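Reader: Hello! I would like a close look at one part of a structure, and then a walk outward from there. Could you show me what we will be working with?

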Amino acid sequence: MFMQVENVYKSYNKEGGFFYSGKLDVLKGIDFSIKEGECVGLIGESGSGKSTLSRVILGLEKPKQGSVIIEGISASKWMKENRGGMSVVFQDYTSSVNPFFTIKNIIAEPMIMAGDKKNLHEKICALLEKVGLPSTMINKYPHELSGGQLQRVCIARAISTHPKFVVLDEAISSLDVSVQSQILELLHKLKHEMNMTYLFVAHDLQAVANLCDRILFLHKGKIVEDLASDELALATNDYAQRLLNSVMPLCIGKNKCNLNKNLPPLQVV
Ligand SMILES: Nc1ncnc2c1ncn2[C@@H]1O[C@H](COP(=O)(O)OP(=O)(O)OP(=O)(O)O)[C@@H](O)[C@H]1O
Ligand SMILES: [Mg+2]
């Protein structure tokens with residue numbers, strides 16, 4: 001087993017103006033595991049806690065209770081022992097890069113932090129080509145690139161340290177549909193070439209089903225369904241069924257599509 005998320009709880013203080021007004025329980029006992037080389041999708045409605053869970057896994061936030069274990073040791077210890085072993089691509093590619101840095105410096109930053117300082121120029125040119133960008137872009141600035149190009153730069157940066165595990169938090173959500181499918185193809189290709197393990201967070205069930213081996217449905221602070229992508233029709237949980245009903249094309253061609261048609265479809269935002 002690559003990663004185990006065990007009984008994770010996370011709460012935030014509710015905004016209460018001058019007066020303290022209680023806690024917002026976002027994660028209420030999250031349990032799941034990810035095998036090495038697996039691509040796991042995490043789906044749930046806006047505000048359900050997907051980014052919170054991602055941040056807990058990345059060690060950016062501490063859970064109130066529970067733990068994240070990677071390759072048998074605590075995630076924090078694993079990250080110290082595997083510098084650059086875990087990386088993330090966020091939805092907002094514009095604010096996740098320094099506008100005053102060239103593409104070269106943006107990609108070089110985590111490499112240098114992970115102790116990789118030799119032949120940076122050549123390595124970064126190769127990374128740009130790997131994500132489908134010309135190496136001549138190396139000296140450009142973020143504002144000179146399109147959204148899709150900049151997100152490819154963020155992916156190049158994320159894979160620059162040869163991570164074992166990559167969290168993609170809505171990494172394609174801000175892109176237009178044709179660019180989304182190009183980036184999905186790129187992620188698919190990189191996953192196989194570099195044998196990475198992915199946690200792919202998204203609203204879009206179809207994109208998740210295309211890329212991922214397994215899908216976790218997060219609802220009301222819990223994982224309510226955990227299914228292989230080719231067994232989505234076996235969903236028994238009401239929330240998962242309603243979400244699946246809203247993207248019925250997924251079911252075309254399935255022999256046993258036992259989704260409950262009486263439930264209203266969810267609005268996928
Ligand atoms: N730092 C924080 N302080 C207080 N509340 C927070 C904080 N971060 C998130 N929340 C709240 O926790 C809940 C879950 O937020 P989160 O961003 O994890 O949801 P999400 O599933 O990623 O949503 P989206 O799909 O819109 O990105 C929301 O109600 C949000 O307002
Ligand atoms: Mg989010």
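Does E170 count as buried, exposed or partly exposed, and how many C-beta neighbours does it have inside 10 Å? Once that is settled, please carry on to the rest of the picture.

Author: Happy to. Please keep in mind that this is a predicted model. E170 counts as partly exposed, because it has 18 C-beta neighbours inside 10 Å, and the buried class begins at 20. E170 sits in the loop that links β7 (165-169) to α6 (177-194). Its backbone deserves a look too: E170 is not a glycine, and yet its phi is positive, at about 55 degrees.

N7 makes a good companion to that residue. N7, also not a glycine, has a positive phi of about 50 degrees. Its setting is a strand, β1 (residues 3-13). N7 is partly exposed because 13 other C-beta atoms lie within 10 Å. A further positive phi, of about 80 degrees, belongs to G59, just after α1.

That brings us to α1 itself and to the ligand. Around ligand 1 we find Y12, L24, V26, G44, S46, G47, S48, G49, K50, S51, T52 and H203. Two elements, β2 (23-34) and α1 (50-57), each give two or more residues to this shell. The largest share, three residues, is the one from α1. By class, the shell holds three nonpolar, eight polar and one charged residues. The helix α1 is mostly covered, with seven of its eight residues buried: K50, S51, T52, L53, S54, V56 and I57.

Next, the interior. The largest nonpolar core has 73 residues, and the members that touch the most others are I43, V89, L199, F200 and V208. Helix α5 (residues 147-159) supplies the largest share of this core, seven residues. If you would like one of these members to centre your view on, try F200. Leaving aside residues up to four places away in sequence, F200 touches C39, G41, L168, V208, L211 and C212.

Helix α8 (residues 238-245) is another place to look at packing. Its buried residues are Y239, A240, Q241, L243 and L244. They pack against β3 (39-43), α7 (205-211), β9 (214-219) and β10 (222-228). Take Q241, which lies in helix α8. Q241 counts as buried because it has 23 C-beta neighbours inside 10 Å. From Q241 to E225 the C-alpha to C-alpha separation is 9.6 Å, with the two residues 16 apart in sequence.

Finally, a pair of helices. Two packed helices are described by the angle between their axes and by the distance between those axes. For helix α3 (residues 103-113) and helix α4 (residues 120-130), the axes come within 10 Å and cross at roughly 110 degrees. That angle is why α3 counts as roughly perpendicular to α4. On the α3 side, the contact is made by K104, I107, A108 and M111, while α4 brings L120, I124 and L127. Sorted by class, this contact between α3 and α4 has six nonpolar residues, one charged residue and no polar ones.

To come back to your starting point, E170 is partly exposed and lies in the loop between β7 and α6, whereas Q241, in helix α8, counts as buried.

How values were computed. Residues numbered from 1 in each chain as written. Chains lettered and ligands numbered in written order. Predicted model: local features only at pLDDT ≥ 70, side-chain atom pairs only at ≥ 80, totals over all residues. Near = placed C-beta within 6 Å. Helix = DSSP H or I, 4+ residues; strand = E, 2+ residues; numbered from the N terminus. Nonpolar A, V, L, I, M, F, W, Y, C, P; charged D, E, K, R; others polar. Buried ≥ 20, exposed ≤ 12 C-beta atoms within 10 Å, placed from the backbone. Axes fitted to C-alpha atoms, helices over the stretch in contact; angles between N-to-C directions. Parallel < 35°, antiparallel > 145°, perpendicular 65-115°, else oblique. Contact = placed C-beta atoms within 7 Å. Core = buried A, V, L, I, M, F, W, Y, C linked by C-beta atoms within 7 Å.
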